[in-house]
Amino acid sequence: MSASSLLLKRVASASTTTASVRRAFSATAARAVSFELSDTQKEFQDLARKFTAEHIIPKARHHDLTGEYPTDIIKAAWDLGLVNTHIPEAYGGLGLGVMDGALISEELAFGCTGIQTAIEANGLAEAPVILAANDAQKKKYLGRMTEEPIMAAYCVTEPGAGSDVAGLRTTAVKKGDKYVINGSKMWITNGGKANWYFVLARTATDPKTPAGKAFTGFIVDADTAGISVGRKEINMGQRASDTRAVTFEDVVVPAENVLGTEGAGFKIAMGAFDTTRPLVAAAAVGLARRCLHEAATYAAQRKTMGTPIMNHQAVAFMLADMAMGIEASRLLVWRSATLRDAKQPNTYYASAAKCMAADVANKCATDAVQVFGGNGFNTEYPV
């Protein structure tokens with residue numbers, strides 16, 4: 001065979017192989033993950049974005065400076081269906097998924113994470129109820145959330161136990177057909193505004209009882225005798241949110257308000273995190289996005305040495321790092337959210353999303369201050 005014939009044969013073989021590979025990739029692409037949102041999701045995203053621009057951003061500074069609770073803003077959001085989004089339709093809600101909620105949370109947090117946190121705290125309190133409550137409990141406590149714009153709170157964290165949920169010291173002692181709760185909770189969002197609380201308390205008397213069997217979840221009406229609410233905490237940020245200590249002193253709760261069964265509280269609380277962690281992460285993405293928006297806008301206007309500072313490599317690199325972190329964090333949020341909606345295990349990804357998005361938000365905030373220079377240290381500027 002001549003050299004030219006051999007070359008033509010190799011080219012033909014290579015072309016056949018390439019075509020085969022292309023067909024294989026095309027077939028794979030047809031089954032690939034889509035990042036395209038549904039029309040309904042786009043509508044909710046646009047609605048939340050418009051609401052943020054019209055209602056949150058113009059008033060965010062006032063609420064951050066004064067610490068005034070954003071009651072009117074929350075009511076307006078409730079009227080539009082942007083609050084309590086996960087309550088099933090059977091109990092008067094929209095029954096939206098975690099991915100839907102993540103889209104809304106990101107947009108609201110772009111305006112103000114304090115206001116977004118106040119709104120999303122309802123979802124945190126409702127998550128254990130949606131997960132483990134019986135029909136009567138859901139009708140009573142989820143149903144009322146859709147009838148009027150009231151708030152709820154998730155009472156788990158204590159002065160000496162936050163992430164270490166197994167270290168909680170609040171107790172619930174059964175007496176007849178009731179339980180008596182004693183203990184203190186700390187850093188409770190909506191603590192002074194809630195109509196009812198989800199409370200995690202230790203019911204096991206044996207200190208060696210494993211966490212998975214030692215705690216019980218309760219729904220507790222906020223006006224129950226023996227509940228006292230502490231002062232509003234003035235935090236470094238998110239001052240529009242209502243954060244307080246909540247103390248339970250001989251608080252009597254009927255056994256019918258136990259979520260699931262006695263001893264199942266720890267698992268219920270952890271299961272709720274699989275829904276709420278992606279939403280906390282989504283809020284962090286929204287905050288990081290706002291930092292990038294403000295920093296990029298300022299960098300395009302501020303000039304040094306005859307050119308906008310965004311043309312200086314040091315600033316450009318910071319903006320690029322912010323953008324990369326935001327995109328990567330959002331992908332983790334979306335993966336953890338869609339896994340939850342598909343009823344697949346998502347604990348790993350939900351935890352990773354919350355951790356990474358929070359770190360990225362902190363870094364974006366720090367870098368935004370650096371982009372603003374001395375102005376970044378002044379309260380008159382947005383970062």
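# Report on the exposed, buried and enclosed parts of a predicted chain

Because its relative accessibility is 56%, Gln 313 counts as exposed, on a scale in which buried means under 20% relative accessible area, exposed over 50% and partly exposed in between, for a 1.4 Å probe and protein chains only. The place of Gln 313 is in helix 9, where helices (H or I, at least four residues) and strands (E, at least two) are DSSP runs numbered from the N terminus. Its C-alpha atom is separated by 22 Å from that of Phe 377, although the two residues are 64 apart along the chain.

The model is predicted, so that local features need pLDDT of at least 70 and side-chain atom pairs count only at pLDDT 80 or more, whereas totals for chains, interfaces and linings use all residues. Residues are numbered from 1 along each chain as its sequence is written, and side-chain values use heavy atoms, with hydrogens and water left out.

## The chain as a whole

The secondary structure comes to 10 helices and 10 strands, and the C-alpha trace spans about 100 × 60 × 40 Å along its principal axes. Of the 383 residues in the chain, 47% are buried. Taking contact to mean heavy atoms within 4.5 Å, 72% of the contacts between residues at least 6 apart in sequence join residues at least 24 apart.

## Nonpolar cores

A nonpolar core is here a set of buried Ala, Val, Leu, Ile, Met, Phe, Trp, Tyr and Cys residues joined through side-chain atoms within 4.5 Å. The largest one has 34 residues, of which Leu 319, Met 322, Val 333, Cys 364 and Val 371 touch the most other members. At least two residues of this core come from each of helix 4 (98-111), helix 8, helix 9 and helix 10 (347-372), and helix 8 gives the most, with 11 residues. When residues up to four places away in sequence are not counted, Leu 319 touches Leu 292, Ala 295, Ala 296, Ala 299 and Met 310. A second, separate core holds 28 residues, including Tyr 91, Ala 125, Ala 161 and Ala 204. In soluble globular proteins, nonpolar side chains tend to be buried together.

## Empty space

On a 1 Å grid over the protein atoms alone, a cavity is a set of points where a 1.4 Å probe fits but cannot get out, while a pocket is an open set with protein on both sides within 12 Å along at least five of seven lines, and lining residues have an atom within 4 Å of a point. Grid points are joined across faces, edges and corners, and a volume is the space filled by probe spheres set on the points.

The second largest pocket has a volume of about 400 Å³. It is lined by 16 residues, and those closest to its centre are Val 98, Ile 130, Thr 275, Arg 340 and Lys 343. Helix 5 (113-132), helix 8 (265-301) and helix 9 (313-341) are the elements that give two or more residues to this lining.

The structure holds 1 cavity of 30 Å³ or more, and the volume of the largest cavity is about 80 Å³. Among the 13 residues that line it, Leu 82, Asn 84, Thr 85, Ile 119 and Glu 120 are the closest to its centre, while helix 4 and helix 5 each supply at least two residues of the lining.

The table divides both linings by residue class, with Ala, Val, Leu, Ile, Met, Phe, Trp, Tyr, Cys and Pro counted as nonpolar, Asp, Glu, Lys and Arg as charged, and the others, Gly among them, as polar.

| Lining | Nonpolar | Polar | Charged |
|---|---|---|---|
| Second largest pocket | 7 residues | 6 residues | 3 residues |
| Largest cavity | 5 residues | 6 residues | 2 residues |

## A buried loop residue

Asn 346 is found in the loop between helix 9 and helix 10, and it counts as buried because its relative accessibility is 1%. Leaving aside residues up to four places away in sequence, Asn 346 touches Asp 274, Pro 278, Ser 336, Leu 339 and Arg 340.

## Strands 2 and 3, and positive phi values

Two strands pair if DSSP finds at least two bridges between them; strand 2 (residues 171-175) and strand 3 (residues 178-189) run antiparallel and are joined by 5 bridges. Within this pair, Val 173 stands opposite Val 180 in strand 3. The two strands form a hairpin with 2 residues between them, and Gly 176 in the turn has a positive phi of about 70°.

Most residues other than glycine have a negative phi. Trp 187, which is not a glycine, nevertheless has a positive phi of about 60°; this residue lies in strand 3 and is partly exposed because its relative accessible area is 46%. Asn 190 also has a positive phi, near 70°, and is placed in the loop between strand 3 and strand 4 (194-202). With a relative accessible area of 0%, Asn 190 is buried.
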